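Trainee: Please take one part of this model and look at it closely with me. I would like a single connected account.

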Amino acid sequence: MRLRIEELTLVGTNRTIRFEPGMNAIVGGMSGGKTATVSCLRALLGAEVSVVPELRGRTISGTVLVGERRFRIVRQLVTTSTAKVDIAEIGGRQEVWRLPASQLQAGYDQTFRDWWLTMLGLPRIRVPRAPTDETSPLVPVTISDYLMYCVLRQKEIDTSVFGTPDNTQKNIKRKYVFEILYGLYDPQAAGLRERLRNVTTELNALTADAATLERILETTAFASRAHLEVQRQETEQQLTQARQADLSLTEELTDSATVSLRTQIGEAEAELARIADAAAAEAASASRLEELRDQLIAQSRRLTRALVAERLLNDFEFHTCPRCGADVPERGDENTCRLCLQTPPQAPAPSSLAAEQDRVIEQVTETEELIKRSRRRLDELEAARSVQARRRADLGEQLDRATATYITDQTERIRAVAAQQARLEEHLARIDDALAVHDRLQGQSERIAELEREQEDLSSRIAAARHSNTAVHDRLDRLDEAFEAALRSFDAPRFDKRPGSRINRETYMPVVDGRSFADLQSQGVEVLVNVAHVLAHQQVALHDDDIPLPNLLIIDGISSNVGHEGVDLERLRKMYATLLDTATEHIDRLQIIVTDNDSPPIDGIHRALELSDRDRLVPGVPAATDDGDHPQTDDRTLDGDDSGASE
């Protein structure tokens, strides 16, 4: 992805630096502020703020070209992770952002450094902090990590490759970035890695739990599963015998005299209940008969009054009004009453009333006979109830005496049988619990074996994904060739015993003629190797669009520890020439910015900024007292993002 810095301005001052496509140089004395300028450029590109004291708190603004889009960025040089960064697109869609520097906050969907990853098309990946420990915490690969391959810093150029000996976490991130850039770390395999992480975590937990259970079992009498199974079989047999003994004891109890007495008592109580039910029914029947008798007697009395009235009042006429005593005149006819002038109702014949009365009297007599019979039945039932009650009491006394004698005789036997059965049941439960622990251990062992197979399979698939891609091997081969070609173009000192330079496939560190970087022992040679190394990465990326390395190269202190006379000066010129040729060849895609104490030893390089002790980066600020561009500080404290420890 094309990445070009067009302008950098120190807000509040007249300091504005304009960079051209191709190769640019920042030159000046040791205390002019060249490295501070590089720090400002890194801050503009999303890295954590790491600047000299006189720049802290100030604000920078810059214009950058990303692909075909141009942006204006304004950032305050503070270490606060939530400090806001303003971004505005120039032309195009004219989008505007205001984002926290590196720590996501509520109301924001990304940070400034995440914005850079999006704009540059760099994969957003979280990787284990410790590559050999899949359960280690995941940390993000940030823009600062990718910038390691774009910015060769002054503190590293003559001592190490991207600061590898100084910061273990930074070195881990360096290797991850290498794998991401060249396709060794396939983002599509992230799911496999996450599954491997989960499998490893579960496997470790199960292994620890199984070890704990085994230690607990070893200190008990249940350590041997085979012995437990034998004990369980024996205990089940003994428990079966104990239950059979209890059943036999119950049968003896069933055959004893107490059972017969209990049966007779039950029969007596049933008979008492039957008698009580019969007596209640008979009493209810007698009550109903008495009510019927009373009704019949009342009916007989009414019939008697009707017969008497018929005899006394038959053919009786009123000649005097019974109310006022006045004479009643002759009126009506023989079929009407002279008093009320109504037709009298037809009265039953006296013989019918007499017959009805006789029938009622006969029913009264029969009802009284039934009542007497019910009372006799109630007396009989009461007598039977008294007999059964006495029998029940006698049987209860006999049972009490028999039970007392039986319990006294069988107490020890009952207690022994019950105790043995309870002891065997409790022992069987303990054996089952121990066997359950063994079953759990067995299940864990099976699950551990399953997880180990899955872990091995996942590791194999991940390894296959890393090494089966022929394009990856081609890229690495081209990287070796570009590295070797760069060293030869620099005319770097060689070691003839094992000629040829390459990138170590395990450490991803440069190897020169069989010697590792740590074995070079010459800071001047280390500078040439470092410059050739970062240049080779850019050259390979320029010809392979699948390598997402930003096409920007910043080299701080390019001539550090490289001589300026004789052969060394010629090597320095060749290094400059190679860089210039590469930038010129790819002028529309690759921008190179170098800093040096002296002017470039060749022509054709744009001098973007010239500094001195009197004209420092921050106008009006006195020169520093040390012999460098800014106080020597530890990258791990000022640029925490490089360490990979921050989220």
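Mentor: H9 crosses H10 in a right-handed way (the near helix is turned clockwise from the far one by less than a right angle). The model is predicted, so local features need pLDDT of at least 70 and side-chain atom pairs count only at pLDDT 80 or more, while totals for chains, interfaces and linings use all residues. Residues are numbered from 1 along each chain as its sequence is written, and side-chain values use heavy atoms, without hydrogens or water.

H9 spans residues 470–490 (helices are DSSP runs of H or I, at least four residues, numbered from the N terminus). Its axis lies 8 Å from that of H10, at an angle of about 135° (lines fitted to C-alpha atoms over the stretch in contact; N-to-C angles run from 0 to 180 degrees). That angle makes H9 oblique to H10 (not under 35, over 145 or 65 to 115 degrees).

Who meets whom? H9 brings Arg475, Arg478, Leu479, Ala482, Phe483, Ala486, Leu487 and Phe490 into contact (heavy atoms within 4.5 Å). H10 answers with residues including Leu528, Val531, Ala532, Leu535, Ala536, Gln539 and Val540. By class, this contact has 13 nonpolar, 3 polar and 2 charged residues.

Now turn to the next partner of H10. H10 covers residues 523–542, and H11 covers residues 566–585. Their axes come within 12 Å and cross at roughly 10°. So H10 is roughly parallel to H11. The crossing of H10 and H11 is left-handed, with the near helix turned anticlockwise. From H10, Leu528, Val531, Leu535 and Gln539 make the contact. From H11 come Arg571, Met575, Thr578, Leu579 and Thr582. The tally is 5 nonpolar, 3 polar and 1 charged residues (Ala, Val, Leu, Ile, Met, Phe, Trp, Tyr, Cys and Pro are nonpolar; Asp, Glu, Lys and Arg charged; the others polar).

Val531 of H10 meets both H9 and H11. Val531 and Leu579 are also among the residues with the most contacts inside the largest nonpolar core. Such a core joins buried Ala, Val, Leu, Ile, Met, Phe, Trp, Tyr and Cys residues (buried is under 20% relative accessible area, 1.4 Å probe, protein chains only) through side-chain atoms within 4.5 Å. This one has 117 residues. H10 gives the largest share, 12 residues. Leu55 is another of the core's best-connected members. Beyond its neighbours within four places in sequence, Leu55 touches Leu10, Ala36, Cys40, Leu77, Leu617 and Val618.

Definitions and conventions. Helix = DSSP H or I, 4+ residues; strand = E, 2+ residues; numbered from the N terminus. Buried < 20%, exposed > 50% of the residue type's maximum accessible area, 1.4 Å probe, protein only.
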